[in-house]
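Grab a pencil and open the viewer. Below are a few exercises to work through by hand, each followed by a worked solution.

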Amino acid sequence: MTPPSITLIASSTTTTIPPMPLKPPPLVQQPPPQLEAKFFSRRNAVVWLSLIAPLTHPASALSFGISGPKEWLRDQKKKTAKYLLAPIEASRNILQYANLLLTRTEPEFGEKELEEVQSLLRSAARDCVPQERNSFVQFQSKSGVEVCTFQLVVKNASSLLPDKDPVKLAAEAKLIDLIRSFASLSDMANEFDVQVASNRQKVANALMDTVTCLDNFEQGVKECLEV
């Protein structure tokens with residue numbers, strides 16, 4: 001018996017062309033942050049303080065029917081302490097950067113560096129030195145608006161304490177010392193010829209004294225917050 005024949009039918013094949021690989025999107029390099037953003041600008045500080053302020057008044061707790069409003073508010077203050085202390089830390093960073101500029105060798109310190117140091121000192125003072133305020137801030141101050149960021153900080157930190165509380169009084173005294181130190185530092189930076197190395201060193205020494213006053217003020221604020 002003859003075996004059945006097998007007929008091979010060629011099947012049509014379809015060639016699939018793989019898709020072209022997608023090119024990754026080009027990397028966009030972000031520009032370095034400006035000095036204002038790095039050091040927590042006054043506007044940001046005021047915004048944070050305005051957000052924290054409603055939590056520092058007993059009426060805000062009472063309006064929500066919270067029992068023990070002072071205890072609750074005290075706890076809220078501790079939770080927001082890092083935001084309240086942020087302007088102090090930012091000013092410390094500014095002063096440390098200004099100190100680096102002041103301690104440069106003489107050929108590296110010119111008119112540009114002088115202007116930058118003066119600008120940094122004004123920024124670090126947070127509008128607490130009246131003669132260093134610009135016209136708009138001066139107008140706000142004359143209108144009864146509190147423009148000194150450090151004053152706003154101590155007011156918020158000590159709002160739950162009685163007026164005669166020794167911790168509150170100590171923080172306010174440290175604030176006065178800090179403002180005087182900034183005023184003295186500003187006068188030296190504006191009046192001394194800081195392109196002379198010896199004068200520059202005097203300003204640098206005064207700057208470090210201001211950092212010490214800033215540290216003391218920060219400690220006073222922390223004691224008001226009990227942190």
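The exercises below concern a predicted model, and each solution goes step by step.

**Exercise 1. Work out whether the length of helix α9 agrees with its number of residues.**

Step 1: α9 runs over residues 166-191, which makes 26 residues.
Step 2: The expected span is 1.5 Å times one less than the number of residues, so α9 should cover 38 Å.
Step 3: Now check the ends: the end C-alpha atoms of α9 are 37 Å apart, which agrees with the expected span.

**Exercise 2. Find what caps the N-terminal end of α9, and what the buried residues of this helix pack against.**

Step 1: Start at the cap. D165 does the job, with a side-chain oxygen 2.8 Å from the backbone nitrogen of V167.
Step 2: List the buried residues of α9; among them are L175, L178, F182, L185 and M188.
Step 3: Think about spacing. An α-helix has 3.6 residues a turn, so residues three or four places apart point the same way.
Step 4: Look at the neighbours. The buried residues of α9 pack against α5 (81-102), α6 (111-124), α8 (149-157) and α10 (197-225).

**Exercise 3. Track down the disulfide and say which parts of the chain the pair ties together.**

Step 1: The structure holds one disulfide, and its partners are C128 and C148, with an S to S distance of 1.9 Å.
Step 2: The angle about the S-S bond is 90 degrees, and the link of C128 and C148 is right-handed.
Step 3: Place the two ends. C128 sits in the loop between α6 and α7 (135-142) and C148 in the loop between α7 and α8, so the pair ties together parts 20 residues apart in sequence.
Step 4: Buried or exposed? Both C128 and C148 are buried.

**Exercise 4. Classify the aromatic pairs, then see what F150, F182 and F217 form.**

Step 1: There are two aromatic pairs in the structure. F150 and F182 make a stacked one, 6.2 Å centre to centre with 20 degrees between the planes.
Step 2: F150 belongs to helix α8 and F182 to helix α9, so this pair ties together parts 32 residues apart in sequence.
Step 3: Take F150 and F217 next. Their ring centres are 5.7 Å apart and their planes stand at 70 degrees, so the pair is edge-to-face.
Step 4: The pair of F150 and F217 links distant parts of the chain, helix α8 and helix α10, 67 residues apart.
Step 5: Check burial: F150 and F182 are buried, and F217 is buried too.
Step 6: Put the pieces together: F150, F182 and F217 form one aromatic cluster.

**Exercise 5. Find the ring that the charged end of R200 sits over.**

Step 1: Go to the charged end of R200 and look for a ring centre 4.6 Å away.
Step 2: The ring belongs to F109.

**Exercise 6. Inspect the phi angles of R126 and D127, then decide whether these residues are buried or exposed.**

Step 1: Recall the background: most residues other than glycine have a negative phi.
Step 2: R126 has a positive phi of about 55 degrees, and D127 has a positive phi of about 60 degrees. Neither R126 nor D127 is a glycine.
Step 3: Find R126 in the loop between α6 and α7; D127 is in the loop between α6 and α7 as well.
Step 4: Apply the cut-off: buried means under 20% relative accessible area. R126, at 2%, counts as buried, and so does D127, at 16%.

Notes
Residues are numbered from 1 along each chain as its sequence is written. This is a predicted model: local features need pLDDT of at least 70, side-chain atom pairs count only at pLDDT 80 or more; totals for chains, interfaces and linings use all residues. Side-chain values use heavy atoms; hydrogens and water are left out. Helices (H or I, at least four residues) and strands (E, at least two) are DSSP runs, numbered from the N terminus. Buried means under 20% relative accessible area, exposed over 50%, partly exposed in between (1.4 Å probe, protein chains only). Contact means heavy atoms within 4.5 Å. A polar contact is a pair of N or O atoms within 3.5 Å; within protein, one must be able to donate a hydrogen and the other to accept it, and residues adjacent in sequence count only if both atoms are side-chain atoms. A disulfide is a pair of cysteine sulfur atoms within 2.5 Å. Rings of Phe, Tyr and Trp (its six-membered ring) pair if their centres lie within 6.5 Å; planes under 30 degrees apart count as stacked, over 60 as edge-to-face and the rest as tilted. A charge sits over a ring if NZ of Lys or CZ of Arg is within 6 Å of the ring centre and within 35 degrees of the ring normal.
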